[in-house]
Structure formats: structure tokens, C-alpha cells
Amino acid sequence: MTTIYLKPHKEESLKRFHPWVFSGAISRVVLDASHKAAAPEEGELVCVRSAANETLGVGHWQVGSIAVRILAFGEETLPADFWLSRIRAAYKMRVSLGLVRNDQSQITNHQSLNNTFRLVHGEGDFLPGLIVDVYAETAVIQAHSVGMHVNRKEIAQAILDEVPQVKNIYYKSDDTLPFKAPVEGEKTGWLINDQMVNDSEFWSIENGLQFRIDWLRGQKTGFFIDQRENRALVERYAKGKDVLNMFCYTGGFSLYALRGGAKTVDSVDVSQKAIDLVNVNVAKNFPEATNHTAVAADAFEYLSAQKAQGRTYDLIILDPPAFAKHRDAVKNALRGYQRINAKAIEMIRPGGILFTFSCSQAVDKEAFRLAVFSAAAQVGRKVRILHQLHQPQDHPINIYHPEGEYLKGLVLYVE
Ligand code: SAH
């Protein structure tokens, strides 16, 4: 196996189980005899050693500022049962947290049904570069590193062996693999489809609500599982309210608001495909509902137009896409958060509530809170924080890898 030697003292973060080796920390690369090229192949397993020749771990090699993602600390090679044991541990955790509630025959209260959860959350499950979401009997794998792409079939087999509900596995990595990496094989498509799942007629259940999941054309793996707990909180506050769900995607927050007894719910997203799915989801769960409206529109334009007509709401949800995808975009992102939050706060009736989120990893919670503070001050309303929200338990943050924290939200009471 190829060996990566670090510069002196660069082993410290690895000894504290941070899984990334930056390219600047490497002193030399010693290729094994199988290499024809002068560098390791992207995605190959390499052993990392300190300058003093201590074994630090084994991980995936990749060209870029993160050169190695450590899979197993203190090992020279991957243990034979590595994939099985990691997937088993991830599944066991979700079961122990009560997220896998699949047995309809045992359950009388439909709200306790749930077969939608994140099985693997990258570094948070000690599998850097790998995301796996489970929708009923189908798992969707997303590789963010070339190494995970190379290992995708072993990962799929481990999921089939360890997760009883999963029968089919879809692979969706065309948007997440490094653009320039030379990868072999398809980046997207079925790895296993034993049940001949029909992509366009697929339903998954989250807390008793049914959602059409479209991993072929949808965003991410098809759904934003990370808002499950925060949606449940919207349900608690929705009774009798006029609700606006801005950046609604397939209507997650809207369905919970409707179940919570909202008076009216308006769902808005710039994507017409998303709006079509909101309508499908509302019709499936609330066939009699006449109090829901879905509109394809830009958020800023919609809010300005509604304000001009004097429209107001009791409860607004703002869940925009990541405004900052990189560190250098943070300043603009903060301005964006301030602008959109100011527009929303203006439209909240006295005594109303705003749920506001940021999923930009590069914007930390203090910076986000400051942007929302600026928005409140700009509008001149009295605002109090009721809840501080974050990503849920199936998106765990490895304490040695604080970069894994990305979703934050504030629930505000607006006088
Ligand atoms: N709240 C959703 C997830 C939101 S993801 C849920 O619970 O599932 C962000 C959404 O913002 C995407 O659906 C995207 O289509 C939409 N979007 C991006 N830019 C937008 C804009 N300028 N105006 C309105 N929607 C936008």
C-alpha cells in the first residue's frame, strides 16, 4: 500500500481523531510497486504515518486540499469487516434513537410511523465522504469523495446485509463527486433494484406523513431529512394560523402545518418541479384540504409583491438553500440572510412567529444570529428568541470534526 508521511507535528490533529489530512501537511509519498504513475490514484487506500514513523491510520487518497480522509485510525489496512461494522453501528444507532418505526401492524397511531432517516452522515458516522439516506425500502447513496465512489458496491452490499428494511439501492453522485476526478463507472443509477421500484411513484413516510421522493430529478438524495424535528415543532405552533412556507421544496413544513391545524398554508419555491410535488403531497395526505396554495416564485419577488398588497402572516418559515457554499462567499451570504429575514419580519403580524434557518456550513451560528439581529433592528420590531434549532440526531456531529455542524435555526416571537 502507498504510504503518506507527514511533516513533523502534523500528526497532532489525527491523534485527536480529526479525519482529514491536508495536502500541506504531507512531507513525502512513497508509492507501492503496483503504481505506474508518479502519484497515488484518486480514491485508493493509503496508510498515513507521522514523521517519526508511527502508524496514524488508513484512508482514501484524493487530489485537493483534503488529501486523505481517514477511515480507520491506528490501522495500516482496512479491517476485513470494515464496511459491515460501520454500517451496522450506524443502523444500530438509528434504531436505538427510535427513528426506525416501520411495523405498521404494531402501530395504531399513524404519527408514530417513520421509515425515512439518514443512515450515514459522513464524518458524523466515521465514514468521511459518504451519505446514505433511507426512504422506506430504498437507500440512496451519495459519494462526496472518489474513495467512496470506488467502494460503492461494498457499501451497497453492507447496507443490504445490515439494514433489514432496505431492498433497493440507488446511487446518486453526479453532483457531489469532484468535477475533475477521473472516476470509473456510472456516477448515478440503480446499484440494486430487486423490487423494480418505479421512480416516479415512490412514497416514504416521515412521522406518519407521506412524501413522494424523487431522487432522479430531486435535490440532494430526494428529500431534506434534516428538517424532520423542526417540522414537528412547526406542527405544534400551527393551529389556527396563516402560514407561509418559503423555500418549501416538496412541502415538508407545509404538511406538518396542515396537520397541526393551520388556517391557511401558502407554499412558495422557485422550482416548478418542487411546487408540482408539493401539490401531489398535499393531495395524498389531505385530499379534502382547500386551505393550501402552492406558488412557483422567487422568494424576494414574492415577499415584495405580497407586502405591496398588504399581506401578512402569523407564522413564516424561511429555509433557503445554502447562501454561502464557500468561505469566501460568507459576507454576501450574511447580507442575503439579513435581507430575506427583514422582508419576512416585516410581514409577520404582531405576536407572530418566524422559523428561520441557515444550512450554510461556512456561516456559523453566531454569524447567522447576528444577521437575523440586524434584520430585526432594520425593521424595528421587538423580537425574542424562543428556540435555537439545529440538525437532528441522525445527522450527528463528530465532536472531533466540528465542521460537521451546518444546520441552524431560530424561532422568533415578533411583537
Ligand atoms: N424547506 C425544504 C427544503 C428547502 S431547500 C424542506 O423542508 O424540504 C431550499 C429550496 O429553496 C429549494 O427547493 C430551492 O428550489 C429553493 N430556492 C432556491 N432559490 C430560491 C429563490 N430565489 N426563491 C425561492 N425558492 C428558492
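The following paragraphs describe the surroundings of a ligand and three helix pairings in a predicted model.

The ligand is a convenient starting point. It is surrounded by 15 residues, of which the closest are Arg 231, Asp 269, Asp 298, Ala 299 and Asp 319. Two side chains approach oxygen atoms of the ligand: an N or O atom in the side chain of Asp 269 is 2.6 Å from an oxygen atom of the ligand, and an N or O atom in the side chain of Gln 219 is 3.2 Å from an oxygen atom of the ligand. Asp 298, by contrast, places a polar side-chain atom 2.7 Å from a nitrogen atom of the ligand.

Two of the closest residues lead from the ligand into helices. Arg 231 is among the closest to the ligand and also belongs to the contact that helix α5 makes with helix α6. Helix α5 spans residues 228–237 and helix α6 spans residues 252–259; their axes are 7 Å apart and the packing angle is about 35°. The crossing of this pair is right-handed. On the α5 side the contact involves Arg 228, Asn 230, Arg 231, Ala 232, Val 234 and Glu 235, and on the α6 side Gly 252, Phe 253, Tyr 256, Ala 257 and Arg 259. By class, these residues comprise five nonpolar, two polar and four charged.

Ala 299, likewise listed among the closest to the ligand, lies in helix α8, which covers residues 299–308. The axes of α8 and α9 come within 10 Å and cross at roughly 30°. Angles under 35 degrees count as roughly parallel, and α8 and α9 are therefore roughly parallel to each other. Their crossing is left-handed. From α8, Ala 299, Phe 300, Leu 303, Ser 304 and Lys 307 meet Gly 336, Arg 339, Ile 340, Lys 343, Ala 344 and Glu 346 of α9. This contact has five nonpolar, two polar and four charged residues.

Helix α9, residues 330–346, also packs with helix α10, residues 365–379, at an angle of about 45° and with the axes 8 Å apart. These two helices are therefore oblique to each other, and their crossing is right-handed. In α9, the contact uses Leu 334, Tyr 337, Gln 338, Asn 341, Ala 342, Ile 345 and Glu 346; in α10, it uses Ala 367, Phe 368, Ala 371, Val 372, Ser 374, Ala 375, Ala 376, Gln 378 and Val 379. The class count for α9 with α10 is 11 nonpolar, four polar and one charged. Glu 346 of α9 takes part in the contact with α8 and in the contact with α10.

How values were computed
Residues numbered from 1 in each chain as written. Predicted model: local features only at pLDDT ≥ 70, side-chain atom pairs only at ≥ 80, totals over all residues. Heavy atoms only, no water. Axes fitted to C-alpha atoms, helices over the stretch in contact; angles between N-to-C directions. Helix = DSSP H or I, 4+ residues; strand = E, 2+ residues; numbered from the N terminus. Parallel < 35°, antiparallel > 145°, perpendicular 65-115°, else oblique. Left-handed = near helix turned anticlockwise from the far one by under 90°. Contact = heavy atoms within 4.5 Å. Nonpolar A, V, L, I, M, F, W, Y, C, P; charged D, E, K, R; others polar. Near = heavy atom within 4 Å. Polar contact = N/O pair within 3.5 Å; in protein donor to acceptor, adjacent residues only side chain to side chain.
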